[in-house]
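The exercises below are to be worked through with the sequence and the coordinates at hand. Each task is followed by a solution in steps.

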Amino acid sequence: MLEAVMFVVIGFVLMELAGWAIHKFLMHGIFWNIHKTHHTATKGPFEKNDVFSTLFGGIAIALMIVGYGELDYRFWLGVGISVYGMCYFFFHDVIIHRRVKWLKRPENGFWRGFVRAHQAHHANNKKKGSEAYGLFFVPFKYFKAGRK
Ligand SMILES: [Zn+2]
Ligand SMILES: [Zn+2]
């Protein structure tokens, strides 16, 4: 049981760290043509950039399938990546970008720091010169009091 929880947490943390690196070096690199659809105004409910979420979701499902028989670390890593994906969707797509208008953005408090960081990432909307590539793994400065 402890092992299961541990691998779920590892899957979650790994996904944020890998996501940070993939976003910084690949999406704002050779995959910019796909990722830029998230940085520019889009028509319709989907963006080309959604292929990345689909891909990560596919990896999570594949891990859960291969680990299902034994319920081993692969299964729980897949669960961790899935939990991360749900948090990412909820926080990035629903709260920050409001792709579905379920909730308002937080105006202040702890979560506002993450919103600020991601808004700073979107500030120039260009391939180079952006900041805050992680969603939860962001510089501390965004949490300092007095920032809007
Ligand atoms: Zn970006
Ligand atoms: Zn965004």
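**Exercise 1. A salt bridge between two loops**

Does E47 count as buried or exposed, and at what relative accessibility? Identify its salt-bridge partner and the parts of the chain that the pair joins.

Solution. The model is a predicted one.

Step 1. The relative accessibility of E47 is 13%. The cut-off for buried is under 20%, so E47 counts as buried.

Step 2. The side chain of E47 meets that of R99 in a salt bridge, at 4.0 Å from N to O.

Step 3. E47 belongs to the loop between α2 and α3 (50-66), and R99 to the loop between α4 and α5 (110-122), so this pair ties together parts that are 52 residues apart in sequence.

Step 4. R99, at 30% relative accessibility, counts as partly exposed.

Step 5. The pair also belongs to a network of salt bridges that links E47, D50, D93 and R99.

**Exercise 2. Further salt bridges**

State how many salt bridges the structure holds, and describe those of R74 and K141.

Solution.

Step 1. The structure holds five salt bridges.

Step 2. R74 pairs with D72, and their closest N and O atoms are 2.8 Å apart. R74 is partly exposed, with a relative accessible area of 27%, whereas D72 is buried, with 17%.

Step 3. K141 pairs with E131, the closest N and O atoms being 3.3 Å apart. Both K141 and E131 lie in the segment after α5, so the pair ties together parts that are ten residues apart in sequence.

Step 4. K141 is partly exposed at a relative accessible area of 36%, and E131 counts as partly exposed at 32%.

**Exercise 3. The zinc ion (ligand 1)**

Which residues coordinate the zinc ion (ligand 1), and how are they spaced in sequence?

Solution.

Step 1. The coordinating atoms are NE2 of H23, H28, H35, H39 and H121, at 2.1 to 2.2 Å from the zinc ion (ligand 1).

Step 2. The spacing of these donor residues is H-x4-H-x6-H-x3-H-x81-H.

Step 3. H28 sits in the loop between α1 and α2 and H121 in helix α5, so the two tie together parts that are 93 residues apart in sequence.

Step 4. H28 counts as buried at 1% relative accessibility, and H121 is buried with a relative accessible area of 0%.

**Exercise 4. The zinc ion (ligand 2)**

Repeat the analysis for the zinc ion (ligand 2).

Solution.

Step 1. H38, H92, H97, H118 and H122 each coordinate the zinc ion (ligand 2) through NE2, at 2.0 to 2.3 Å.

Step 2. Their spacing in sequence is H-x53-H-x4-H-x20-H-x3-H.

Step 3. Helix α2 (residues 32-39) holds H38 and helix α4 (residues 73-96) holds H92, so this pair ties together parts that are 54 residues apart in sequence.

Step 4. H38 and H92 are both buried.

**Exercise 5. Two pockets and their linings**

Describe the largest pocket and the second largest pocket by volume, lining and residue class.

Solution.

Step 1. The volume of the largest pocket is about 770 Å³. Its lining comprises 37 residues, and S53, Y88, F89, H92 and D93 are those that lie nearest its centre.

Step 2. Helices α1, α2, α3 and α4 are the elements that give two or more residues to this lining. By class, the lining of the largest pocket has 18 nonpolar, 14 polar and five charged residues.

Step 3. The second largest pocket holds about 160 Å³ of space. Among the residues lining this second pocket are H38, H97, H118 and H122, which also appear among the donors to the zinc ion (ligand 2). R99 is another residue of this lining.

Step 4. The element that gives the most to the lining of the second largest pocket is α5, with three residues. The classes here are one nonpolar, five polar and four charged.

**Exercise 6. The annotated span and the N terminus**

Where does UniProt place its domain feature, and where does M1 lie?

Solution.

Step 1. An unreviewed UniProt entry places the feature "domain: Fatty acid hydroxylase" at residues 8-138. This span is 63% helix and 0% strand, and its end C-alpha atoms lie 21 Å apart.

Step 2. M1 lies in the segment before α1 (2-27) and is exposed, with a relative accessible area of 80%.

Step 3. The C-alpha atom of M1 is separated by 36 Å from that of R105, 104 residues apart along the chain.

Notes:
Residues numbered from 1 in each chain as written. Chains lettered and ligands numbered in written order. Predicted model: local features only at pLDDT ≥ 70, side-chain atom pairs only at ≥ 80, totals over all residues. Heavy atoms only, no water. Donors = N, O, S within 2.8 Å, 3.2 Å for Na, K, Ca; no water. Helix = DSSP H or I, 4+ residues; strand = E, 2+ residues; numbered from the N terminus. Buried < 20%, exposed > 50% of the residue type's maximum accessible area, 1.4 Å probe, protein only. 1 Å grid on protein atoms, 1.4 Å probe; cavity = no way out; pocket = protein on both sides within 12 Å on 5 of 7 lines; lining within 4 Å. Points joined across faces, edges and corners; volume = space filled by probe spheres on them. Nonpolar A, V, L, I, M, F, W, Y, C, P; charged D, E, K, R; others polar. UniProt positions renumbered as here; feature names shortened; annotations may be inferred.
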